[in-house]
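Trainee: Could you take me on a close look at the ligand and the part of the protein around it? I am new to this, so please explain the terms as you go.

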Amino acid sequence: MVTREYDIAIIGGGPAGLAAGLYAARARRRALLIEKGVLGGQISLTELVENYPGIPSINGFDLAQAMHKQAESYGLETEYVEVTGIERGNTKWLMRTTGDGFRAKAVIITAGADYNRLGVPGEERLTGRGVSYCATCDAAFFKGQEVAVVGGGDAAMDEGLFAARFASKVTVIHRRDQLRAGRILQERAFANPAMNFVWNTVVTEVLGDEQVSGVRLRNAITGEESTLPVAAVFVFIGQHPNTDFLKGLVPMDAGHHILVDDWMATELPGLYAAGDVRQNSARQVATSVGDAVTAAIAADHYISDSFPD
Ligand SMILES: Cc1cc2nc3c(=O)[nH]c(=O)nc-3n(C[C@H](O)[C@H](O)[C@H](O)COP(=O)(O)OP(=O)(O)OC[C@H]3O[C@@H](n4cnc5c(N)ncnc54)[C@H](O)[C@@H]3O)c2cc1C
């Protein structure tokens, strides 16, 4: 059931959604932000953001709260439900959610991305019992114990360094022979005495009954198998865009990222996509915010053109 009508609805309350909300509300559009989980999206799990221009260092959750407060001060409304599908009516968009439905003249999709799973035996069963996708959230539970981090990108190093504050030893398991993470993070990781690296290796099983007791490994070059005893395994092996609820509606690339033009517009009228959810995003807070500002300005112009008073 549709309960409320808006000018602009924004799906996803990460950095992109919060920035779109600020610009939409500040343009004096009636704007709704719809978030299924925690405001801030991926950044809410990030210990420190040190590359957002003008802010030398800030906790990700605090940055998201500040963005939300700023947007709310201009009248942005927020609903905590999941959007399960959207469809085009005669001139407006209808959003189905796990709660009430909403209608809007324009929609900005800022649904971002979610982490990939290893897909190995033991992972699902032991999730929350030592298998984690957020060291910032869970590393403190493993104080003084040995843990593993899977992956070699920015998130793996960022979260591995955070885990090293608590763990006696952090073993980074990476399927290649070098990291993909940025130079500064690499330098910090290599300089940290608690961090160890196992190269060219994949996890084939997470071991343990009630709790993680170790991981089974396979060397990707020699095929040699081994076991590493650890109390926790933190997984950071990439992400996939949250676009399942849009399949068949809007054109996407092979990786299910939404195709947009320079104004973040999809080929459907009044439908925009910004941030990690779109094709060719640089997947940063600053770029997601920039995309979203572009999309909000474009949506504002679209409403002026398509719904003259
Ligand atoms: C561990 C880690 C560390 C990082 N560190 C940095 C860093 O230091 N600097 C930097 O610039 N970038 C960093 N990044 C990347 C940065 O967090 C992302 O680029 C950014 O958060 C993308 O913003 P977004 O708004 O596009 O998407 P997201 O942050 O993914 O937010 C999307 C939001 O949409 C919501 N959502 C999804 N589907 C629905 C739905 N159907 N209905 C309602 N809500 C929905 C989600 O719950 C989520 O809150 C890091 C990422 C990770 C994982």
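Mentor: Let's go from the ligand outwards to the helices around it. This is a predicted model, in which local features need pLDDT of at least 70 and side-chain atom pairs count only at pLDDT 80 or more, while totals for chains, interfaces and linings use all residues. Residues are numbered from 1 along each chain as its sequence is written, and side-chain values use heavy atoms, with hydrogens and water left out.

Around the ligand there are 36 residues, and A16, E35, Q42, N51 and V285 come nearest; a residue counts as near if one of its heavy atoms lies within 4 Å. By class, this shell has 15 nonpolar, 14 polar and seven charged residues. Here Ala, Val, Leu, Ile, Met, Phe, Trp, Tyr, Cys and Pro count as nonpolar, Asp, Glu, Lys and Arg as charged, and the others, Gly among them, as polar.

Now look at the ligand's oxygen atoms. A polar backbone atom of V285 is 2.8 Å from one, and a polar side-chain atom of Q284 lies 2.9 Å from an oxygen atom of the ligand. For P15, a backbone N or O atom lies 3.3 Å from a ligand oxygen. A polar contact is a pair of N or O atoms within 3.5 Å. The protein covers 90% of the 1000 Å² of accessible area that the ligand has on its own, by the Shrake-Rupley method with a 1.4 Å probe.

Which elements give two or more residues to the shell? They are α1 (15-26), α4 (154-163) and α6 (285-306), and α4 gives the most, with three residues. Helices are DSSP runs (H or I, at least four residues), numbered from the N terminus.

Finally, follow α4 to its neighbour: α4 and helix α5 (residues 183-191) pack at an angle of about 40°, with their axes 10 Å apart. Axes are lines fitted to C-alpha atoms over the stretch in contact, and angles run from 0 to 180 degrees between N-to-C directions. That angle makes α4 oblique to α5; angles under 35 degrees count as roughly parallel, over 145 as roughly antiparallel, 65 to 115 as roughly perpendicular and the rest as oblique.

Key: A polar contact is a pair of N or O atoms within 3.5 Å; within protein, one must be able to donate a hydrogen and the other to accept it, and residues adjacent in sequence count only if both atoms are side-chain atoms.
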